Amino acid sequence: MSTLAKDIMDSAASSAAVPRVLVVEDEPDIAALVAYQLTREGFRVETAGSGVEALDAIGREIPDLLILDRMLPGLSGDQVLEQLKAEPATANLPVLVLTAKRDQEDRIEGLELGADDYLTKPFSPRELVLRAHAILRRVQDASLASGGRVLRAGPIRLDAEANQATLDGDEINLTPTEFRLLQALMERRGRTQSRKQLLEKAWDVESAVSGRIQTRTVDMHVRRLRTKLGEVGDWVQTIRGFGYRLKVPEGIE
Ligand code: CA
């Protein structure tokens, strides 16, 4: 393999694992500082200067974490949050709210709207990075459920190390791609992932980079995966205009 091809594959492999953060802040200095700190920490950062811009960006690709200023021109941070919570595809998107208000009432309000955490301005960039890591770790811990590399969702059990998936104890005969697709869905259970995100995770990097695999291929593999999952196949939900998620019914571990 050429050095160039290897470089491309290495960068594609790492970008698939890098958490994506969307920073919504209308003050350019603060946005730049936050973006700089997070980029240095290895996050992939996108910025938006208004609530409308933020919703546009999220419509294109749902980030792993949203850092949202409450005081924005036009659509406020709270209104953005409300819209995201009302949409199944983005209801579980982790959100860190930035608030200039010191009033305790306002802070509580922000958390009631469904933010995972908040920071009061002025904040130290270091503190922001720590909070961002903490939120993402909580999300990951929750999705890894019982720990290790064994993922469970109702009757589905996926052991990444042993490369084995079972349904009610019976091995599911999955292709390597279907296996990685199921793993990607289980690792982020409840959260919507775009076709592009799934493509990056489930297909071999070379095909994804070369563009040989089209996003509609993802749809085809999702259909096959659903069939193989039998009665729980419909837990793999299509989120129109966004992608897919694994939604486990209430009350099932
Ligand atoms: Ca602001």
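Reader: Why is E178 called buried?
Author: The word buried is used for a relative accessible area under 20%, exposed for over 50%, and partly exposed for what lies in between (1.4 Å probe, protein chains only). E178 has a relative accessible area of 1%, which is under 20%, so E178 counts as buried.

Reader: What kind of model is this, and how are its residues numbered?
Author: It is a predicted model, in which local features need pLDDT of at least 70 and side-chain atom pairs count only at pLDDT 80 or more, while totals for chains, interfaces and linings use all residues. Residues are numbered from 1 along each chain as its sequence is written, and side-chain values use heavy atoms, with hydrogens and water left out.

Reader: Where is E178 found?
Author: E178 is in helix α7, residues 176–187. Helices (H or I, at least four residues) and strands (E, at least two) are DSSP runs numbered from the N terminus. The protein chain has ten helices and twelve strands, and 44% of its 253 residues are buried.

Reader: What makes the pairing of E178 with K228 a polar contact?
Author: A polar contact is a pair of N or O atoms within 3.5 Å; within protein, one must be able to donate a hydrogen and the other to accept it, and residues adjacent in sequence count only if both atoms are side-chain atoms. The side chains of E178 and K228 make such a pair at 2.7 Å, which is within 3.5 Å, so the term applies.

Reader: Which residues is E178 in contact with, leaving aside neighbours within four places in sequence?
Author: They are N173, H221, R224, L225 and K228, where contact means heavy atoms within 4.5 Å.

Reader: Why are α8 and α10 called roughly perpendicular?
Author: Axes are lines fitted to C-alpha atoms, for helices over the stretch in contact, and angles run from 0 to 180 degrees between N-to-C directions. Angles under 35 degrees count as roughly parallel, over 145 as roughly antiparallel, 65 to 115 as roughly perpendicular and the rest as oblique. Helix α8 (residues 195–202) and helix α10 (residues 215–228) have axes that come within 9 Å and cross at roughly 75°. That angle lies in the range 65 to 115, so the two helices are roughly perpendicular. In this contact, R195, K196, L198 and L199 of α8 meet T215, V218 and D219 of α10.

Reader: What makes α7 and α8 oblique to each other?
Author: Their axes come within 9 Å and cross at roughly 125°. This falls in none of the other ranges, so α7 and α8 are oblique. The contact joins T177, R180, L181, A184 and L185 of α7 to L198, K201 and A202 of α8.

Reader: How do you know that D168 is exposed?
Author: D168 has a relative accessible area of 64%, and since exposed means over 50%, the term fits. D168 lies in the loop between β8 (164–167) and β9 (170–171). Its phi is near 50°, a positive value in a residue other than glycine.

Reader: Is I62, in the loop between α3 and β3, buried or exposed?
Author: I62 is buried, with a relative accessible area of 7%. Not counting residues up to four places away in sequence, I62 touches R20, A89, T90, L93, T192, Q197 and F242. The C-alpha atoms of I62 and Q197 are separated by 9.2 Å, although these residues are 135 apart along the chain.
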